[in-house]
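Here are my notes on this model. Please keep the structure open while reading.

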Amino acid sequence: MQNKVEVTTKELIIKPQGINKIASLKSKLVIALDHVQGASLDEGILNDYKGIREPGTTLPGYWAGTFKHNGEKNLFQCFT
């Protein structure tokens with residue numbers, strides 16, 4: 001199930017759906033557009049180190065949740 005994405009004049013709102021909502025332990029993310037530098041699909045991220053999970057789910061071939069690496073927090077919802 002695809003996540004729902006909404007862009008308002010001031011915010012980017014992402015609402016995980018289905019198993020992503022459960023696995024990522026997030027009902028929604030609200031990010032000020034001032035803080036968004038860009039967005040893309042990154043096929044290579046599946047093989048990269050994601051950092052320390054806090055909180056989230058890591059299973060073989062599936063990552064969902066917040067990960068902290070090099071002082072940055074990132075939300076991943078990736079599966080192979």
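The points below cover a sheet first, then two loop positions.

1. A word on origin. This is a predicted model. Please read each point with that in mind.

2. The sheet. Three strands form an open sheet in the order 1-2-3. Their pairing is antiparallel. Strand 1 (4-7) and strand 3 (29-32) are the edges, each pairing on one side only. On average, neighbouring strands of this sheet are turned by 15 degrees against each other, direction ignored.

3. Strands 1 and 2. Strand 2 covers residues 11-15 and pairs with strand 1 over 4 bridges. The sense is antiparallel. For a register check, look at glutamate 6: isoleucine 13 in strand 2 stands opposite.

4. Lysine 50. Is this residue of the loop between strand 3 and strand 4 (52-59) buried or exposed? Lysine 50 counts as buried, because its relative accessibility is 5%, and the cut-off for buried is under 20%. Beyond its neighbours within four places in sequence, lysine 50 is in contact with Ile45, Trp63, Phe67, Lys68, His69 and Phe76.

5. Glycine 71. This residue sits in the loop between strand 5 (62-69) and strand 6 (72-79). Glycine 71 counts as exposed because its relative accessibility is 66%, and exposed means over 50%. Glycine 51 is 20 residues away along the chain. The C-alpha atoms of glycine 71 and glycine 51 are separated by 9.7 Å.

6. Taken together. Of the two loop positions discussed, lysine 50 is buried, whereas glycine 71 is exposed.

Methods
Residues numbered from 1 in each chain as written. Predicted model: local features only at pLDDT ≥ 70, side-chain atom pairs only at ≥ 80, totals over all residues. Heavy atoms only, no water. Pairing = 2+ DSSP bridges. Helix = DSSP H or I, 4+ residues; strand = E, 2+ residues; numbered from the N terminus. Axes fitted to C-alpha atoms, helices over the stretch in contact; angles between N-to-C directions. Buried < 20%, exposed > 50% of the residue type's maximum accessible area, 1.4 Å probe, protein only. Contact = heavy atoms within 4.5 Å.
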